[in-house]
Amino acid sequence: MNEPMGDVLTFGIEEEFFVVDRHGQLSQAGDDVVDAAEAAGDDQGELQHELTRSQAEAATDVCRTHAEALRQLRGLRGELAEAARRRGCRLLPAASPLLFEANPPVITPNPRYERMAEHFGATARTSLTCGCHVHVAIPDKETGVQVLNRVRPWLPALLTVTANSAVSDGYDTGYCSWRYQQWSRWPSAGPPPRFASLDEYESIVDGWLRAGSILDRGMIYWDVRLSDRQPTLEFRIADVAATPEDAVLLGVLARGLVATALADDAPAPELSNEVLRAQLWRASREGVTGCCPHPRSGDLEPTKAVLGDLVELTAPALEAAGDLDFARERTARLAAEGGGADRQRRRFAERQRGEDVVDLLTGTGG
C-alpha cells in the first residue's frame with residue numbers, strides 16, 4: 001500500500017447516549033432532546049435520533065486534529081445535556097442502562113427502526129447499548145479491506161480504552177464492557193474475519209441479506225467495517241466513553257492504526273476469528289486496568305503494557321498528526337486512574353446503588 005504516513009488522515013467520532021429522568025431511569029424524551037439541542041446548537045457536528053426514544057446521538061464533522069475533535073465532542077455533549085436539563089432529564093454517558101428497567105424501551109417512530117424491532121424481536125428491544133464509533137478516511141474500499149485485516153488484532157486493546165459498562169441493571173456485571181457482551185447478540189455483530197478480498201467481504205454481506213440476518217447494509221455490525229455512507233473505515237468496537245478525552249484517545253489510536261497499516265506492506269497477521277472472539281471476551285471482562293491478549297504473542301499481558309506498545313507502534317503516524325503527546329498522556333492517565341468502568345465500579349462499591357453511578361456520570365453527584 002505504501003501511503004506516506006505524513007499525509008494526515010481525516011477522522012470523525014460518533015457517540016450514543018442515554019437520556020434518563022431525574023431518578024436515573026430511562027426517559028422517553030430522547031427525540032425531544034435531540035430536536036431541541038439541534039435547534040439551539042451551533043453549526044459544528046450533527047445530532048441524530050437513535051433506535052429507541054431513550055437515546056440520543058452526536059457526531060462530529062470531519063476532523064483533522066485531536067483538538068478539533070475534542071472541542072466538538074465537548075460542545076455536542078454540552079448541547080444535549082442542556083436540552084435534557086431543560087426537560088427535567090439528564091444525559092448519561094454509559095454504555096448500558098445503569099438501573100433495572102421494568103419495561104422495554106420504546107422504539108423511535110421511524111419505519112426502519114420499527115421494521116428492525118419487528119424482525120429481530122427481543123434482540124432489538126433488549127440489546128440496549130450506547131457505543132462510540134470512529135471513522136477514518138481510506139483511499140478506497142479494496143484498500144480498506146487490506147487495512148481492516150491489519151488492524152483487527154488490535155481490536156481487544158481498542159475495546160479497553162473506553163470500556164464503560166461495568167454496572168448494568170443495578171448490579172456489578174463483573175465485566176468492564178458489558179455492552180460488548182450484549183451487543184454480540186446481533187447476528188452480524190462481532191469481529192470481522194480476515195478477508196481475502198473485497199469480493200469476499202461483499203459475498204458475506206450478500207449472504208446475510210439473503211438469509212435475512214440483516215435488513216440492509218446499515219446493519220453490518222462488525223467491530224470494524226467499511227462505511228457505506230463515507231469513504232472511511234469505521235471502528236464500532238467501543239463503548240461510549242465516560243469523557244470526551246477518552247473518546248478522542250480512541251479516535252487518534254484508530255487513526256494511527258489505519259495510517260500505520262497503509263504504510264505496511266507485510267502480510268496481514270493470521271488470526272482466526274475464534275481466537276479473536278475469545279481475546280475480545282477477555283478484554284471486555286478486564287478493561288484497561290486488567291490484562292489483555294497481546295496481538296504479537298496472543299499471551300495475556302497488563303493492558304497498560306499492550307496500550308503502550310500500541311502507542312509506540314503507531315508513534316510515527318501519531319507524531320505526523322500531532323497526536324503523540326496527547327496519546328501518551330491519556331494512556332498514562334488511564335493506566336494510573338482507570339477508565340469509565342473503573343470509576344463506575346468504585347462508586348457502586350460504596351453503597352451498592354446504581355443511582356450513585358448515574359449521579360457520577362451525569363456530573364450531579366461529585
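This is a short tutorial dialogue on reading strands, helices and single residues in a predicted model.

Visitor: Let's start with strand 1. Is strand 1, residues 11-21, enclosed or open, and why?

Guide: Strand 1 is largely enclosed by the rest of the structure, because 10 of its 11 residues are buried.

Visitor: Which strands does strand 1 pair with?

Guide: A general idea helps before the case itself. In a regular strand, side chains alternate between the two faces of the sheet. Now for the pairings here. Strand 1 runs antiparallel to strand 5 (residues 131-137), joined by 5 bridges. Strand 3 (residues 55-59) also pairs with strand 1 in the antiparallel sense, over 5 bridges. With strand 4 (residues 89-92), strand 1 has 4 bridges, again antiparallel.

Visitor: Which residues can I use to find each pairing on screen?

Guide: Try one pair for each partner strand. For strand 5, look at Glu 14, whose bridge partner is His 133. For strand 3, find Glu 16, which stands opposite Glu 57. For strand 4, go to Val 20 and its bridge partner Arg 90.

Visitor: Now a helix. Which residues of helix 14 are buried?

Guide: Again, the general idea comes before the case. An α-helix has 3.6 residues a turn, so residues three or four places apart point the same way. In helix 14 (residues 340-351), the buried residues are Gly 340, Ala 341, Asp 342, Gln 344, Arg 347 and Phe 348.

Visitor: What do the buried residues of helix 14 pack against?

Guide: Their packing partners are strand 6 (167-168), strand 7 (171-172) and helix 15 (354-361). Just after helix 14 comes Gln 352, with a positive phi near 60°.

Visitor: And what lies before helix 14? Where is Gly 338?

Guide: Gly 338 sits in the loop between helix 13 (324-337) and helix 14. Its relative accessible area is 2%, which is why Gly 338 counts as buried. Leaving aside residues up to four places away in sequence, Gly 338 touches Val 288, Thr 289, Arg 333 and Arg 343. For a sense of distance, the C-alpha atoms of Gly 338 and Ala 266 are 34 Å apart, with their positions 72 residues apart along the chain.

Visitor: One last residue: is Glu 118 buried or exposed?

Guide: Glu 118, in helix 3 (residues 111-120), counts as exposed because its relative accessibility is 71%; the cut-off for exposed is over 50%. Glu 118 and Ile 220 are 102 residues apart along the chain, and their C-alpha atoms are separated by 18 Å.

Terms used. Residues numbered from 1 in each chain as written. Predicted model: local features only at pLDDT ≥ 70, side-chain atom pairs only at ≥ 80, totals over all residues. Heavy atoms only, no water. Buried < 20%, exposed > 50% of the residue type's maximum accessible area, 1.4 Å probe, protein only. Helix = DSSP H or I, 4+ residues; strand = E, 2+ residues; numbered from the N terminus. Contact = heavy atoms within 4.5 Å. Pairing = 2+ DSSP bridges.
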